[in-house]
Amino acid sequence: MTTPARRQLRQTDVKRLNRTWRRGTEKRLSVILESVTGPFNVGSIFRTAAAFGAERMWLAGNSTPPTNPKVQKTALGTDRLVPWEEAVPALDAVREAKQDGYTVIAVELTGDAVPLHQARLDRDVCLVLGSEDHGCSPAVLQAADEVIYIPQVGRVGSFNVGVAAAIVLAETRRQEWAAAGTGAQG
């Protein structure tokens, strides 16, 4: 028996598929970037956040805003899809997220951090990602409800912040969809 030839989906099929996944997505997801200054990282995170339906992004500390042309080059206009606030003190962003009903979860290597695959992410979460050089500040780590980390087996100390954001955002939605038994049917 031969396998039928695979073909890429047409744009209308992609929209239909995305609509199916969107219907199975009820949990709220937001992001706080604490002093993430690399414009390509910020642009990448905006694009990933938009793809996974993040509803808000706080640019805390000295994070580079999406108005920067280098951010725009990577974000490709997706900053229009995720409402954002610029130059917010990090602790204010954490406080606002908690007041809005989010569980604030920092992504960082700490002694009490939970491995990503064991974290409970199938709820309304606001993920905090820290600067490329220093991660999340001690004050933000103290203010966060929980801390998670991405297990690694290679000889590298950490992921690029844009890659880390993509991994954690994807796992957050995956857990929600798995808990709900959601599966997109083409």
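Here are legends for a handful of close-up views of this predicted model.

**View 1. Seven strands make one open sheet.** Going across the sheet, the strands come in the order 3-2-1-6-4-7-5, and their pairing is parallel. Strand 3 (84-88) and strand 5 (114-115) sit at the edges with a single partner strand each, so one side of each has no neighbour in the sheet. As a bit of background, strands of a sheet pair through backbone hydrogen bonds, either parallel or antiparallel.

**View 2. Strand 2 is joined to strand 1 and to strand 3.** Five bridges connect strand 1 (residues 29-34) with strand 2 (residues 56-60). Look for serine 30 here: its bridge partner in strand 2 is arginine 56. Strand 2 and strand 3 also run parallel, with four bridges between them, and alanine 60 stands opposite valine 88 in strand 3. Add helix 3 (residues 69-75) to strand 2 and strand 3, and you have a right-handed β-α-β unit.

**View 3. Helix 2 lies across part of the sheet.** Helix 2 (residues 39-51) lies across strand 1, strand 2 and strand 3, and runs at about 160° to strand 2. Helix 6 (residues 161-180) packs on the sheet too, touching strand 1, strand 4 (103-107), strand 6 (125-129) and strand 7 (146-149). The direction of helix 6 makes about 165° with that of strand 6.

**View 4. Helix 4 has a buried face.** Ala90, Ala93, Val94 and Ala97 are buried in helix 4 (residues 90-99). Seen down the helix axis, the buried residues fall within an arc of 100°, so they line one face. An α-helix has 3.6 residues a turn, so residues three or four places apart point the same way. The cover over the buried residues of helix 4 includes strand 1, strand 2, strand 3, strand 4, strand 6 and helix 5 (138-143). Just after helix 4 comes glycine 101, with a positive phi of about 95°.

**View 5. A salt bridge links glutamate 96 and arginine 56.** The closest N and O atoms of this pair are 2.8 Å apart. Glutamate 96 belongs to helix 4 and arginine 56 to strand 2, so the pair ties together parts that are 40 residues apart in sequence. Arginine 56 is buried, at 19% relative accessible area, while glutamate 96 is partly exposed at 27%.

**View 6. Arg7, Arg10, Asp13 and Arg16 form a salt-bridge network.** Within this network, aspartate 13 and arginine 10 bring their closest N and O atoms to 3.3 Å. Aspartate 13 counts as buried, with 12% relative accessibility. The structure holds 14 salt bridges.

How values were computed
Residues numbered from 1 in each chain as written. Predicted model: local features only at pLDDT ≥ 70, side-chain atom pairs only at ≥ 80, totals over all residues. Heavy atoms only, no water. Pairing = 2+ DSSP bridges. Helix = DSSP H or I, 4+ residues; strand = E, 2+ residues; numbered from the N terminus. Contact = heavy atoms within 4.5 Å. Axes fitted to C-alpha atoms, helices over the stretch in contact; angles between N-to-C directions. Right-handed = clockwise from strand over helix to strand, strands pointing away. Buried < 20%, exposed > 50% of the residue type's maximum accessible area, 1.4 Å probe, protein only. Arc of directions from axis to C-beta. Salt bridge = Lys/Arg side-chain N within 4 Å of Asp/Glu carboxyl O.
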